[in-house]
Amino acid sequence: MLSSRFRLICILGSLIYSTHVGASLNPSNLAMIAGVPSSGPPDIRIRIKRDLKKINISGMDISREVIPNKRKDAFSGRGSFRFNCDQIKSVLSRKQLAHKMPLLLAAFESPTGLIGLGNEKFRGKLLVLTAPERESCDVINQTDMESYIGSLLAQEMNKTWPIEALKAQAEAARTYAYSHMMNPSGKSEDQFFDLENSEKH
């Protein structure tokens, strides 16, 4: 049985559909409303890990961009990269330490479309940034909206449930995600991501 909150989301979604000036809220229309090109849905950034002391990223033919040094490298074959995030503070400059907001350190992606973080795999890019206290790292997954919605449904819903329930959840989740992308919270710690992979969102 659907929860009352979920039913309310579905009802609100239906009202949005019926009252939107002659147009359904499909991904391209939502993208247009959000001010992004209609060529496809925008990327969304999800904070998937926070306050990590060590990070192990792996994959095939990885390209790595070290943001502070503006350096890009490509590595052929299978490779892995380790970060000792508890030592980051010792290598940051005085200016970087004085910076109040998190600092973007590196970006990783693979032509296969999958990047490993520990024992998990993610589609799109992985971004590594400092946590606010500079003694650990946060990891952001930047991926396209539909890949995000697909992975979200796999976690939140049972695939044996009626297809209309899955569709309703997809629309609710997509609308929620676009809402956060269009209306950022304004918190400095949120500047690099739209949503968290947690009960918060």
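Colleague: How many disulfides does a search of the whole structure find?

Modeller: The model is a predicted one, and a search of the whole structure finds one disulfide in it. That disulfide is formed by C85 and C137.

Colleague: What makes C85 and C137 a disulfide?

Modeller: Their sulfur atoms are 2.2 Å apart. A disulfide requires cysteine sulfur atoms within 2.5 Å, so the pair of C85 and C137 qualifies. The angle about the S-S bond is -105 degrees, and the link is left-handed.

Colleague: Which parts does the pair of C85 and C137 tie together?

Modeller: C85 lies in the loop between β5 and α3 (88-91), whereas C137 is in strand β10; the pair therefore ties together parts that are 52 residues apart in sequence.

Colleague: Is C85 buried or exposed, and how do you know?

Modeller: The relative accessible area of C85 is 0%. Buried means under 20%, so C85 is buried. C137, at 0% relative accessibility, counts as buried as well.

Colleague: Let us turn to the aromatic rings. Why is the pair of F75 and F81 called edge-to-face?

Modeller: The search of the whole structure finds three aromatic pairs. In one of them, F75 and F81 are 5.1 Å apart, centre to centre, with 65 degrees between the planes. Ring centres must lie within 6.5 Å, and planes over 60 degrees apart count as edge-to-face; the pair of F75 and F81 therefore meets both conditions.

Colleague: What makes F75 partly exposed and F81 buried?

Modeller: F75 has a relative accessible area of 31%, which lies between the limits of 20% and 50%, so F75 is partly exposed. F81 has 11%, which is under 20%, so F81 is buried.

Colleague: What of F83 and F108?

Modeller: F83 and F108 also form an edge-to-face pair, at 6.0 Å centre to centre and 85 degrees between the planes. This pair links distant parts of the chain, with F83 in strand β5 (residues 78-84) and F108 in strand β6 (residues 104-109), 25 residues apart. Both F83 and F108 are buried. Ring pairs link F75, F81, F83 and F108 into a cluster.

Colleague: How do you know that the span of helix α5 agrees with its number of residues?

Modeller: Helix α5 (residues 145-156) has twelve residues, which at 1.5 Å a residue should span 16 Å; its end C-alpha atoms are 16 Å apart, so the two values agree.

Colleague: Why can the buried residues of α5 be said to line one face of the helix?

Modeller: The buried residues of α5 are M145, Y148, I149, L152 and L153. Seen down the axis of α5, they fall within an arc of 130 degrees, so they line one face. On the other side of α5, A154 and Q155 are exposed. What covers the buried residues of α5 includes β1 (43-52), β10 (137-144), α6 (163-182) and β11 (195-196).

Colleague: What makes R174 of helix α6 a buried residue?

Modeller: R174 has a relative accessible area of 8%; this is under 20%, so R174 is buried. Other buried residues of α6 include L166, Q169 and Y178. R174 and I149 are 25 residues apart in sequence and 6.7 Å apart in space, C-alpha to C-alpha.

Colleague: Why is the link between the side chains of R174 and E171 called a polar contact?

Modeller: The side chains of R174 and E171 are joined at 3.0 Å. A polar contact needs N or O atoms within 3.5 Å, so the distance between R174 and E171 satisfies that limit.

Notes. Residues numbered from 1 in each chain as written. Predicted model: local features only at pLDDT ≥ 70, side-chain atom pairs only at ≥ 80, totals over all residues. Heavy atoms only, no water. Helix = DSSP H or I, 4+ residues; strand = E, 2+ residues; numbered from the N terminus. Expected span 1.5 Å × (residues − 1). Buried < 20%, exposed > 50% of the residue type's maximum accessible area, 1.4 Å probe, protein only. Arc of directions from axis to C-beta. Contact = heavy atoms within 4.5 Å. Phe/Tyr/Trp six-rings, centres within 6.5 Å; stacked < 30°, edge-to-face > 60°. Polar contact = N/O pair within 3.5 Å; in protein donor to acceptor, adjacent residues only side chain to side chain.
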